[in-house]
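Trainee: Could you take me through one part of this model in detail, and then show how the parts around it are held in place by side-chain contacts? I would prefer one connected account to a list.

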Amino acid sequence: MREVERLITKYGESHTNRTNIMIHAVAVPAIYFVTIGLLWSIPVPEFMQAMKITFAHVLVIPTLYYYFKLSGPIGAAMTLLTLGAFGVIKLLVMFNISVWMFSLGLFVIMWILQFIGHHVEGKKPSFFEDLRYLLIGPAWWWVHWLKRVNISY
């Protein structure tokens, strides 16, 4: 079994309850987005400002590399989610909404929902076993969509 299949299968073991799955379908991509938003909000040195680069831009590179190492289709899908996150951040800025406050508030709400989902499921979150599952969650979310459009991962 490939590493990606093993990780997705193991992650899926604690995500079988329909309510928990529905919560994760919303919360997982939202948490990915707000994490980028929080990283984007950290003040950067002048040289990074001059290049219009944030810590989100810097940290997303190894993150996407990890996803592409797991699977090309998952890496491509996560690239789309990442571009979408940066697009929403630009909209927040355009509408003069504080990115860090919006992201922090949504981060807290989404994590509360995730823990409620796991309470309903009766199983602890996968990342308690292995921190890699914090990155596997979004990949697991994409696998559902990839399967629907008949793309193997």
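Mentor: Let us begin with Trp-100, which lies in helix H6; please keep in mind throughout that this is a predicted model. With a relative accessibility of 47%, Trp-100 counts as partly exposed, since the partly exposed class runs between the limits of 20% and 50%. Trp-100 is also one of the residues that make a nonpolar surface patch of about 810 Å², together with Met-101, Leu-104, Val-108, Ile-109, Ile-112, Leu-113, Ile-116 and Val-120.

Helix H6 itself spans 99–121, and it is among the helices that each supply at least two residues of the largest nonpolar core. That core has 39 residues, of which Ile-8, Tyr-32, Ile-36, Tyr-67, Ile-74 and Met-78 touch the most other members. Besides H6, the helices that each supply at least two residues are H1 (3–13), H2 (18–41), H4 (55–70), H5 (72–94) and H7 (133–148), and among the contributors H2 gives the most, with 9 residues. Ile-8 can serve as a worked case: leaving aside residues up to four places away in sequence, Ile-8 touches Ile-136, Ala-139, Trp-140, Val-143 and Tyr-153.

The aromatic residues deserve a separate look. Ring pairs link Phe-107, Trp-111, Phe-115, Phe-127 and Phe-128 into a cluster, and the structure as a whole has 11 aromatic pairs. In general, a pair of aromatic rings is described by the distance of the centres and the angle of the planes. For Phe-127 and Phe-128 the centres are 4.9 Å apart and the planes stand at 70 degrees, an edge-to-face arrangement. The two rings belong to residues of unlike accessibility, for Phe-127 counts as buried at 18%, whereas Phe-128 counts as partly exposed at 48%.

Charged side chains complete the account, and the structure holds 6 salt bridges. In one of them, Glu-121 meets Lys-123, with a distance of 3.9 Å from N to O; here Glu-121 is buried, with a relative accessible area of 12%, while Lys-123 is partly exposed at 35%. Salt bridges that share partners also join Glu-3, Arg-6, Asp-130 and Arg-132 into one network. Within that network, Glu-3 forms a salt bridge with Arg-132, and their closest N and O atoms are 3.0 Å apart. Glu-3 lies in helix H1 and Arg-132 in the loop between H6 and H7, so this pair ties together parts that are 129 residues apart in sequence. Both partners count as partly exposed, Glu-3 at 36% relative accessibility and Arg-132 at 32%.

A salt bridge of another kind of span is formed by Lys-10 and Glu-13, whose side chains meet at 3.6 Å, N to O. These two residues lie 3 places apart in helix H1, and so they are separated by about one helical turn. Lys-10 is partly exposed, with a relative accessible area of 32%, and Glu-13 is likewise partly exposed, at 41%. Helix H1 thus takes part in the account in several ways, because Glu-3 in H1 is tied to the loop between H6 and H7, Lys-10 and Glu-13 are paired within H1, and H1 supplies at least two residues of the core.

Conventions:
Residues are numbered from 1 along each chain as its sequence is written. This is a predicted model: local features need pLDDT of at least 70, side-chain atom pairs count only at pLDDT 80 or more; totals for chains, interfaces and linings use all residues. Side-chain values use heavy atoms; hydrogens and water are left out. A nonpolar core is a set of buried Ala, Val, Leu, Ile, Met, Phe, Trp, Tyr and Cys residues joined through side-chain atoms within 4.5 Å. Buried means under 20% relative accessible area, exposed over 50%, partly exposed in between (1.4 Å probe, protein chains only). Helices (H or I, at least four residues) and strands (E, at least two) are DSSP runs, numbered from the N terminus. Contact means heavy atoms within 4.5 Å. A salt bridge is a side-chain nitrogen of Lys or Arg within 4 Å of a carboxyl oxygen of Asp or Glu. Patches are made of residues with over 30% relative accessible area and no salt bridge: like charges are joined within 9 Å, nonpolar side chains (Val, Leu, Ile, Met, Phe, Trp, Tyr) within 5 Å. Accessible areas come from the Shrake-Rupley method with a 1.4 Å probe; for residues, only the protein chains shown count as cover. Rings of Phe, Tyr and Trp (its six-membered ring) pair if their centres lie within 6.5 Å; planes under 30 degrees apart count as stacked, over 60 as edge-to-face and the rest as tilted.
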